[in-house]
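Trainee: I have not seen this structure before. Could we go through a few points of it?

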Amino acid sequence: MTSANTGSHLDRQVPVDDRAQDASAASPSGDAAPPVNIRSDPDSPVARDHAYLWHPFTSMDDWLQQDPLIIESGAGVRVRDIHGREYFDGNSSLWVNVHGHRHPRIDAAIRQQLDRIAHSTMLGLSNPLAIDLAERLVKLAPGGLNRVFYSDSGSEAVEIALKIAYQHHVIRGERHRSHYLTLANGYHGDTIGAVSVGGIAQFHALFKPLLFQTHWGPSPGMLENGFSRPDAALEPFVNLLSENADRLAAVILEPMIQAAGGMALMPPGFLKGVERACREFGVLLIVDEVATGFGRTGRMFACEHEDVHPDLMCLAKGITGGYLPLAATLVTDAVFEPFRTPDSVFFHGHSYTGNALGCAAALANLDLFEENRVIECLAPKIDLIRRRLAPVTELEHVAEVRRLGMMIGIEIINDKAGRIPYPPEQGMGAQVCRRARDLGMITRPLGDVVVFMPPLSSTEEELNAMLDILIQALVDTTSGSDTNGDAD
Ligand SMILES: Cc1ncc(COP(=O)(O)O)c(C=O)c1O
C-alpha cells in the first residue's frame, strides 16, 4: 500500500510520539500517560519490537520512527498497555471481540480443554468439539448450509470457498467455470485467492499478475468523494452475471456492507437481487460473513436482513468471540454432493484445522450469545449509537455517518459543500484515530473513514463514554482542518 491514503485495519500506523506528552490525555481509568522515551534501552519492548517485528498493513518506515503502543492485558471492553494505561477497544481488536476480553466463560472453556488436549489433527481424525461446533453452526446458519469445513482465518475461509466452488464444477464436468464475479470495493482477505476477488486497488492492484480471472460489478455503496451514490448497481451486476454465467465458478460478496471498503452500505434489496439472479442463471453464491457474522450488523448473520440463503458462507473473526484463530466455510448439500464420489478429494487442509482450543472458545461464544440473548439486547445499543451520531452528520467536516448495527464508519471530508476530500497525504482519518487514542480509545481508520465497532457486550454507559471520545476526536481534529487556504 502507498504511504499516502491511509487505509484500513489495514491502515498504516499513525505516529504516536505526541501521545504520551499530551497533557490532556486521560485514560478510562484516569491514569496519567507514561513517559515513552524508552527506545534507547535495547532490552525495552519498544526496542525489541523495532528490532524484530514486521507489522501487518503497516508502513514500517513510519513504525520504526514511533514508540508503539504495546498491549499486554485487557478486561471487558478495555485493553491495557505495558505502562498500565487503559484504552477502550473501539474496534473490537480489529472486528473480532464480541463479549469483551477475559470473559470468564470463554477463559474457563479454553482452560478446561487444555486439561484434555490442545490440538489433534482433522486429517484422518476428528475431535468432539469440532463435531459439536459444526452441528451448532449448521443449526445457526441460514438454512441449507449443512456442512462445515474448518480453517484458521477469514482469508482461508474465503480461499476454501473459492476452491470448493471451482472443484465442485470440475467434478461435474464443467472445468471451464473458472471465473468469479464480485463487487468493486470489496475485501475478502490477503491470500492470493482472496486478493484475486478483492476490489480495493490500494491493496490489490500490485498483485494483479499473480491473480486469477475475476469480473467486478460496480459497488452498490460506491463512494464518490465521501458520499454514497444512489443505487444503480444491481442492473449492471446482473448483466455481468448473465453475460458470464457459463464460465463463472461463483459470485462472491460481503453481505449488506462492504466493511474494509469504508463501511459502504448496500441499498435494500441489492443482496436479495443478487441471490435471485444467481438462482436464475445457475451460479453459486458465496457470502463472506467474516466481518458481518456473529451479531455485528444487529442480526446473527447479515444474510438474515434479506432472508438470503447462500450456497457457501465464510465465517471467522467473531466465531471464537475474538479469542483464537478459527474459521469455517459452510456449504449446502448440493455443493457437497459431487465430492462424495470416490476420486473427489478436496486437497486442502491446514495443520491447525479444527483446533480444539479454538472450537472450545467458539462453543462458549455461542453459549454466551444464547444465554445473554445478545442479539435481542443489541437493539437499544444500536439505537443509542444512532441517536448519539445523528448530530455528528451535521459537523462541518463529516460527509456521512454509515451504520449497520454495531458497524459504523464516519467519513470525514475537507470541503463538504464542494465535496472535496482531504489530500490523502494529510492522513486525516489516521489523525482522528490518533486523537481518539490520546483520549483513551483505540480504533483504526479506513482512509478518511473513522471506524467505530465496539464489542457487542459494551454497556450503554461504556458506549456513551466511547462515543464521547469519538466525537471529541472528530471535532478536535477536523476543526480548522481545511487545506484550501480558508481556515475555518
Ligand atoms: C469481509 C472480510 N473477509 C475476509 C477477511 C479476512 O479475514 P482474516 O483477516 O481473518 O484473514 C476480512 C478481514 O477484515 C473481512 O473483512
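The questions below deal with the core, one helix and one strand residue of this predicted model.

Trainee: Which helix gives the most to the largest nonpolar core?

Mentor: The core holds 129 residues, and A250, V251 and I286 touch the most other members. It draws at least three residues from each of domain 1 (45-99 + 376-478) and domain 2 (105-371). The helix that gives the most, with ten residues, is α12 (residues 356-371).

Trainee: Which residues does A250 touch, leaving out those up to four places away in sequence?

Mentor: A250 is among the core residues that touch the most other members. With residues up to four places away in sequence left out, the contacts of A250 are A165, Y180, V283, L284, L285 and I286.

Trainee: Where is the kink in helix α13 centred?

Mentor: Helix α13 covers residues 374-389, and its 16 residues reach 22 Å from first C-alpha to last, close to the 22 Å expected. Even so, α13 has a kink of about 25°. The kink is centred on P380.

Trainee: Is I412 buried or exposed?

Mentor: I412 lies in strand β16 (residues 407-412). A residue counts as buried if 20 or more other C-beta atoms lie within 10 Å of its own. I412 has 27 such neighbours, so I412 is buried.

Trainee: How far apart are the C-alpha atoms of I412 and E396?

Mentor: I412 touches residues including H397, V398 and A399. E396 is 16 residues from I412 along the chain. The separation of the C-alpha atoms of I412 and E396 is 9.0 Å.

Methods
Residues are numbered from 1 along each chain as its sequence is written. This is a predicted model: local features need pLDDT of at least 70, side-chain atom pairs count only at pLDDT 80 or more; totals for chains, interfaces and linings use all residues. A nonpolar core is a set of buried Ala, Val, Leu, Ile, Met, Phe, Trp, Tyr and Cys residues joined through C-beta atoms within 7 Å. A residue is buried if 20 or more other C-beta atoms lie within 10 Å of its own, exposed if 12 or fewer, and partly exposed in between; C-beta atoms are placed from the backbone. Helices (H or I, at least four residues) and strands (E, at least two) are DSSP runs, numbered from the N terminus. Domain bounds come from an automatic or database domain assignment. Two residues are in contact if their C-beta atoms, placed from the backbone, lie within 7 Å. The expected span of a helix is 1.5 Å times one less than its number of residues. The bend at a residue is the angle between axes fitted to the seven residues ending there and the seven starting there.
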